[in-house]
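This briefing is meant to be read beside the sequence and the 3D view. Please look over both before turning to the points below, which are grouped by topic.

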Amino acid sequence: MAAEFDLIRKYFTQSAPQGMLGVGDDCALFPVPAGQTCAVSTDLLVEGRHFFPDVDPVLLGHKALAVNLSDLAAMGAEPLACVLGLSLPAVDAVWLDGFSRGFLALAREYGCPLVGGDTTRGPQVCISVTVFGAVPAAQALRRDAGRPGDDIWVSGTLGGADIALQLLQGKLPGEAWRLPGLRGALECPAPQLALGRRLRGIAHAAIDISDGLLQDLGHILAASACAARLDVRALPAHPGLAGMDEDILLDALLGGGDVYQLCFTAAPQQREQVAQAAAAAGVAVSRIGVLEAGPAGLLLDNQGAPLHVRRAGFDHFEGQS
Ligand SMILES: Nc1ncnc2c1ncn2[C@@H]1O[C@H](COP(=O)(O)OP(=O)(O)OP(=O)(O)O)[C@@H](O)[C@H]1O
Ligand SMILES: Cc1ncc(C[n+]2csc(CCOP(=O)(O)O)c2C)c(N)n1
Ligand SMILES: [Mg+2]
């Protein structure tokens, strides 16, 4: 058989769950639960841009799916299935074995079977994942649902992945000792699906933080036509960042990407319910500010002065428009 189909069969073909048609036909088929709407998101990961060429392929397989599941979490959706597009320079059995194991282990953990994809040859490793989820349409956590007066929350911790990335890029040489404690935040993010699901009917707007807190919160502010007042002292720093230079730390907390935690808004009357949802999901949440009626996108500090921002967040085409 052609090597291409051999590869697909060997690494990516699993028996489809009952009621689904998986790998092997022109399309996959799967049902959407009655009364719910399909949530779809896609993310591309390019070698050298989203990951280092020598990253552990097991972790890369995990992250390629995790960043997509994170978008379902940010919508309050539950995973249904995923598809995987792969462009590879050559057949590397060790890499494929690790990548597929990392990917399929997470797919199993979150009930998101791999039901199809496409495999081609190309100059560098390029991974495209599309996830399909289900959410009752009226309960989806949309970016435009924030309201003035809402608390702004963030789950988990911030900054760890960004400092890990800087260390791997050879920046901050005096801090290299921190890398072992931070690397997991960059290379093995956990999608916050349990939290997103439990925030249905409690939170208003939500987004997952991929490009940096300020940039991603900015999307909620723009869509919800709100300003925000932030308490930077309430930002939850990754424990591996304790004692770091204050400016470097603040820049990482506000502008660092690859976080894959949820930033969400909820009415102050829902504080107890938010705390219960977070406890049930097994993740910490921090209240970091409030939405205000004001110019859309305006960011204030807790004194009400414009927030001083040194790092804008991640932008693939920075300086090009
Ligand atoms: N080439 C494209 N064609 C159509 N829509 C696009 C395209 N690229 C991005 N989008 C849409 O633009 C919006 C912002 O895209 P982006 O990739 O920044 O999503 P995100 O959720 O903010 O980031 P992430 O996926 O990293 O969490 C999304 O609604 C996305 O579907
Ligand atoms: C080798 C390497 N260089 C840079 C980064 C940082 N990075 C790349 S893409 C991105 C935003 C999310 O991606 P997208 O907006 O495409 O979903 C971030 C923060 C990395 N992880 N690895
Ligand atoms: Mg997102």
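In this predicted model, a nitrogen atom of ligand 2 lies 3.2 Å from a polar backbone atom of R49. Ligand 2 is described before ligand 1, and the two domains of the chain come last.

**Ligand 2 and its contacts**

- Besides the backbone atom of R49, which is 3.2 Å from a nitrogen atom of ligand 2, the side chain of D258 takes part, with a polar atom that lies 2.7 Å from a nitrogen atom of ligand 2.
- An oxygen atom of ligand 2 is also involved, since a polar atom in the side chain of D43 is found 3.3 Å from it.
- On its own ligand 2 would expose 520 Å², and the protein buries 88% of that area.

**The surroundings of ligand 2**

- There are 14 residues around ligand 2, and those that come nearest are R49, H50, D211, D258 and H316.
- When the shell around ligand 2 is sorted by class, it holds five nonpolar residues, five polar residues and four charged residues.
- The space that ligand 2 takes up is the largest pocket.

**Ligand 1 and its contacts**

- The residues that surround ligand 1 are D43, D71, R143, D208 and S210, and by class this shell has four charged residues, one polar residue and no nonpolar residue.
- A polar atom in the side chain of R143 lies 2.9 Å from an oxygen atom of ligand 1, while an N or O atom in the side chain of D43 is 3.0 Å from an oxygen atom of ligand 1.
- The side chain of D208 also has an N or O atom that is 3.3 Å from an oxygen atom of ligand 1.
- Taken alone, ligand 1 has 620 Å² of accessible area, of which the protein covers 34%.

**The two domains**

- The chain is divided into domain 1, which runs over residues 4-136, and domain 2, which runs over residues 150-300.
- The centres of domain 1 and domain 2, taken over C-alpha atoms, are separated by 26 Å, and the contact between the domains takes 22 residues from domain 1 and 19 residues from domain 2.
- Where does ligand 2 lie with respect to domain 1 and domain 2? Both domains give residues to the shell around ligand 2, so ligand 2 lies between them.

Technical notes:
Residues are numbered from 1 along each chain as its sequence is written. Chains are lettered from A and ligands numbered from 1 in the order in which they are written. This is a predicted model: local features need pLDDT of at least 70, side-chain atom pairs count only at pLDDT 80 or more; totals for chains, interfaces and linings use all residues. Side-chain values use heavy atoms; hydrogens and water are left out. A residue is near a molecule or strand if one of its heavy atoms lies within 4 Å of it. A polar contact is a pair of N or O atoms within 3.5 Å; within protein, one must be able to donate a hydrogen and the other to accept it, and residues adjacent in sequence count only if both atoms are side-chain atoms. Accessible areas come from the Shrake-Rupley method with a 1.4 Å probe; for residues, only the protein chains shown count as cover. On a 1 Å grid over the protein atoms alone, a cavity is a set of points where a 1.4 Å probe fits but cannot get out, and a pocket is an open set with protein on both sides within 12 Å along at least five of seven lines; lining residues have an atom within 4 Å of a point. A molecule sits in a cavity or pocket if more than half of its atoms lie within 2 Å of its grid points. Ala, Val, Leu, Ile, Met, Phe, Trp, Tyr, Cys and Pro count as nonpolar, Asp, Glu, Lys and Arg as charged, and the others, Gly among them, as polar. Domain bounds come from an automatic or database domain assignment. Contact means heavy atoms within 4.5 Å.
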